[in-house]
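Let's take a walk through this model together, starting from one residue and working outwards. Keep the structure open beside you as you read.

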Amino acid sequence: MFKELIKKIKEFIEERNIGKDKIILIGLGVGLLIVGIIFNNDKEKVKKNEETPIQNEMFTEHYEEEYIEKMEKKLREILREVDGVGSVDVFISYESTAEKVVLKETPYDKSETMESDGDGGERVVVSQSFDEKVIYDSENNPYLVKTILPEITGVAVIAEGGDQPYVKEKINNIIKALFDIGVNKIAVVGK
């Protein structure tokens, strides 16, 4: 089969009068294409491995602080656009840090046994077992399934105009809509 293929290629080259220079260029092009495909697949595999393990994930303590700062900055920018609000300072408090959930295998085993005693009584004995195991990658890092962001417990706003009742109400409504927290967890004061 391989010999037939080579024979057909030789016939094709002879029929078309393709020179040795062109054959070499075509061979180099095909070789580079194959090498490029191989290296591209390796890069995709590396990216997938980097995104999955906990040690390579983005939610470190530093990232959580950045997340909180970005939320405060966005809220400041929104509140500055409210009619009657001048300069604004914002503080958002959170319940805890982000919770990381790892992939676990939980094999379940259940068996039922029917027992009889000498007096004619019968009973069913049921035994169950759960064996929860964390799944690790080839480098012994647990796989991260998801990250649950910390819950917002309160928002404090100090704003020019924040002592005006209609401005305070607008600010409260924006914060309630954005963070789904009650008015009792929002403090708005004027500067």
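Contact, throughout this tour, means heavy atoms within 4.5 Å. The model is a predicted one, and a good place to enter it is Val157. Setting aside neighbours within four places in sequence, Val157 is in contact with Leu79, Val88, Asp89, Val90, Ile171, Ile175, Ala187, Val188 and Val189.

What surrounds that residue becomes clearer once you look at the largest nonpolar core, which has 19 residues. Val155, Val157, Ile171 and Ile175 are the members that touch the most others. At least two residues of this core come from each of helix H3 (61-80), strand S1 (88-94), strand S8 (152-159), helix H4 (165-179) and strand S9 (186-190).

Three of those strands belong together. They form an open sheet with the order S1-S8-S9 and mixed pairing. S1 and S9 are the edge strands, each with a single partner, so one side of each has no neighbour in the sheet. From one strand to the next, the twist averages 10 degrees. S8 and S9 are paired in the parallel sense, over 5 bridges, and here Val157 turns up again, with Val188 in S9 as its bridge partner. In general, strands of a sheet pair through backbone hydrogen bonds, in either a parallel or an antiparallel sense.

Now step just past S9, to the segment where Lys191 lies. Is this residue buried or exposed? Lys191 counts as exposed because its relative accessibility is 52%, and the cut-off for that class is over 50%. Even so, Lys191 has partners from elsewhere in the chain: leaving out residues up to four places away in sequence, it touches Ser87, Val88, Asp89, Ile158, Ala159 and Glu160. Two of these meetings involve polar contacts between side chains, one from Lys191 to Ser87 at 3.1 Å and one from Lys191 to Asp89 at 3.3 Å. Gly86 is 105 residues away from Lys191 along the chain, yet their C-alpha atoms are separated by 9.3 Å.

Next, turn to a hairpin. Strand S4 (residues 108-116) and strand S5 (residues 122-130) run antiparallel and are joined by 9 bridges. You can follow the pairing residue by residue: Thr113 has Val125 as its bridge partner in S5, while Ser111 stands opposite Ser127. Between the two strands are 5 residues, and Gly120 in the turn has a positive phi of about 95 degrees.

A little further along is the loop between strand S6 (133-134) and strand S7 (144-148), where you will find Asp137. Asp137 is buried because its relative accessible area is 13%, and buried means under 20%. A polar atom of the Asp137 side chain lies 2.8 Å from the backbone nitrogen of Asn141.

Finally, zoom out to the whole protein chain. There are 4 helices and 9 strands, and from the N terminus on the elements run α-α-α-β-β-β-β-β-β-β-β-α-β. Of the 191 residues, 18% are buried. The accessible surface comes to about 14,700 Å², with 54% of it belonging to carbon and sulfur atoms. Among contacts with a separation of 6 or more, 67% link residues 24 or more positions apart. The contacts of Val157 and Lys191 are good places to pause and look again with that overview in mind.

Notes. Residues numbered from 1 in each chain as written. Predicted model: local features only at pLDDT ≥ 70, side-chain atom pairs only at ≥ 80, totals over all residues. Heavy atoms only, no water. Core = buried A, V, L, I, M, F, W, Y, C linked by side-chain atoms within 4.5 Å. Buried < 20%, exposed > 50% of the residue type's maximum accessible area, 1.4 Å probe, protein only. Pairing = 2+ DSSP bridges. Polar contact = N/O pair within 3.5 Å; in protein donor to acceptor, adjacent residues only side chain to side chain. Areas by Shrake-Rupley, 256 points an atom, 1.4 Å probe, with all protein chains shown as cover. Axes fitted to C-alpha atoms, helices over the stretch in contact; angles between N-to-C directions.
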